[in-house]
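The exercises below ask you to read a structure step by step, with a worked solution after each task. Please keep the sequence and the 3D view side by side as you go.

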Amino acid sequence: MRLLRLPLPPFLAASSIFIAALAHYLHVARAADASALICFAAAIVFWVAALSAGNVSIATTAADAAPPEIKTRPVSKALVVSTMGLALMAFLFVSDNALNSDSALAWLGSIAVFLYAFWSPEKNLVEWRAALAASVASLRAMFASGLRLPTRGLLLIGVGLLAFFFCFHNLDQVPAEMTSEHAENILDITDVLAGARPVYFEHNAGREPLDFYATAAFVALTNRPLDFGALKTVSAAFGVLLVLATFLLARELFEFELALVAAALVAIGKWPLAIARQGLAYPLAPLLLALTLYFLVRALKYHRRNDFLLTGVWLGLGLFGFDAFRIVPLFIAASLFGAYLFGDNRRRAALGAYVRNSILAFALALVVALPLVRYALDRPATFWYQTLTRLGGGAAPLTGNPAILLAENLGGAALMLNWTGDLAWPTNVPGDPALDYVTGGLFVLGVAYALYRALRFRDKVYAFILIGWIAMLLPSALSLAVPGENPSLIEASGAIPFVFILAALPVMWTARALAQSDARAIWGRVAAAGLLALLLAVAARANFNRYFVDYAATYQQSAWNSSEIAAAIRGFAQSVGDAEHAWIMVYPYWVDARNVGTNMGQPGWAQTLANADAALAQPTDRANRLIVLSAADRDNLARLETLFANGQPRLVHSRTPGHDFVLFYVPGASAPGDLNLQ
């Protein structure tokens, strides 16, 4: 009977998790909003009761014993002058939105000299050799004993494999088709492969360059075609790295177990999945944010100059990733100021070093982002176009009080996680909350716990997480002129590390309460492991079904079937014609001809006809011709039948209902009178 007696704190905590998950499920799956709100309130009551009854805490690592202080070496004035000279040269050479060998050499040289000038060596050459020899000896011993990895290492590898599975499973099929944004990216990457080196990509309202160059490098190194698969492979790899970066950040803030849970939740979450498998730059914002914050937290904990410098490196690099990252410099500055203002006496006593290191971090970030800074100064209207448009500086002016609009948008962005949802079908089942019902319930409890710790115990780590979560919702909430674009899973993607760390908190608290309920019995630890496994399994199943079944079907129904049209044109080209004598008839809200060309293996092909009469303007040679029309375009089809008496129309039924199209074959002078198009 002893095994059946569950102590009160873990019972209350487990009950609150179950009720919160039920509340989310009732809202999303049953539209029972009143019942859902009652359940959420009950979950909070149970959770507060558990926190009051249990003497359980989740250890933060902010108070860890700092490693030995590294003595900073004297800074060479010659190196500082060299850094400034190289940076000035890079700034002057980067002109007309193009990097060349001179500007790139000066830019990279300025970064290298900056780091060399201010870096504090942690070991001398003899110590590095000794450390390397010890590492080699450790690896040899590990392999000699049969490659026995520690349990923590195995668990981390398991989470990595889980992330790899979710990010790459059935990647060629989900998402199924390209959108016009993919078409724009394909053209830009084609230019890079052809030798262009722009600092900022101006098509499609402007895009940061990192994803374009990464994809171009992947295509060049693997010698694979530039297509939708290449785009998705690179972004999915960023998605796997996001899981590991979240682990690093969480581990620097909390204990290993919580970091592992947070990383596992990111690995199976449909929100991270949706942005990682899109084939676009979306996962770069949370990935580069997590890496920037990892070194920032280390800098604030250990007060080492090297960590400040690495914070600056990742901060500058992040600006090349995705526009949602542009708010991060402000957040870093606020974090540094807040850490000093509310820090301990030791940091106050070292104010001079703290300020110098903070300035160095931002100075290095400026040097790293120098080409982008030059572009922003040269062409501010293009660089800030999307930001200003969303703030009301474009064609859509503000229609209300900015403060009220911001508050409403911020509330909508926060509720996006487990109540409302993004309406954009490319990344979401329209209106579906960003989190599954298990993680969504955990997130509500995690926010409550973080508030409890921050307000009652003045715990700076929890305040940092809450403020970071809100700050990274701002890129979505600042869509004041076009509030219909808020909430946005894409613009708020920087909040992912914070959101999933918050969701991991109640799991860890409950597991810790179970494990500590009876120190003499093993059942508590077994129950804790069982609870964790159950929650992850249920969340993984919910996310898998929602993404790979529901979202996949919604996406395929919404995106036009450019691959099927490409297959039809390719069949024509391989049998009785060629791609030069095939055209897409333009029709409102129909397929993007550029995507058809990419699926044909010919990026850049985009032959279109504005109307049926335009077909007469094409060269009148003896070749066979093929015109592809939307099945709804009856007027142009009728006109073609009038213009070409020998034309042969054929309706092609798509695998997706409502996506049928018509092939209108016009035999050339030497072609047979009737042709069966297959």
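**Exercise 1.** Which residue is the bridge partner of Met 585 in β2?

Solution. Bear in mind from the outset that this is a predicted model. Begin with strand β1, which covers residues 582–585 and from which Ala 582 and Ile 584 point one way while Trp 583 and Met 585 point the other way, all of them being buried. Next, turn to strand β2 (residues 608–609), which pairs with β1 in the parallel sense over 2 bridges. Within β2, the partner of Met 585 is Leu 609. To follow the chain between these two strands, trace it from β1 through helix α27 (residues 593–599) to β2, a β-α-β crossover that is right-handed. Finally, look at strand β3 (residues 625–630), which runs parallel to β1 and is joined to β1 by 3 bridges; here Ile 627 is the bridge partner of Trp 583.

**Exercise 2.** Explain why the salt bridge between Glu 255 and Arg 512 ties together parts that are 257 residues apart in sequence.

Solution. Start with the general idea that side chains of opposite charge can pair when their charged atoms come close. In this model the side chains of Glu 255 and Arg 512 meet in a salt bridge, with 2.1 Å from N to O. Glu 255 lies in the loop between α9 and α10 (256–268), whereas Arg 512 belongs to helix α24, so the pair connects parts that are 257 residues apart in sequence. Then check the setting of Arg 512: its relative accessible area is 18%, and because buried means under 20%, Arg 512 counts as buried. Leaving aside neighbours within four places in sequence, Arg 512 is in contact with Val 56, Ser 57 and Glu 255. Of these, Ser 57 is 455 residues from Arg 512 in sequence, yet the two are 8.1 Å apart in space, C-alpha to C-alpha.

**Exercise 3.** Describe the salt bridge of Lys 301 and the network to which this residue belongs.

Solution. First, identify the partner, Glu 252, whose closest O atom is 2.9 Å from the closest N atom of Lys 301. Second, locate the two residues: Lys 301 is in helix α12 (residues 284–302) and Glu 252 in helix α9, 49 residues apart. Both residues are buried. Third, widen the view to the network of salt bridges, which links Glu 252, Arg 298, Lys 301, Arg 304 and Asp 307.

Methods:
Residues numbered from 1 in each chain as written. Predicted model: local features only at pLDDT ≥ 70, side-chain atom pairs only at ≥ 80, totals over all residues. Heavy atoms only, no water. Buried < 20%, exposed > 50% of the residue type's maximum accessible area, 1.4 Å probe, protein only. Contact = heavy atoms within 4.5 Å. Helix = DSSP H or I, 4+ residues; strand = E, 2+ residues; numbered from the N terminus. Pairing = 2+ DSSP bridges. Right-handed = clockwise from strand over helix to strand, strands pointing away. Salt bridge = Lys/Arg side-chain N within 4 Å of Asp/Glu carboxyl O.
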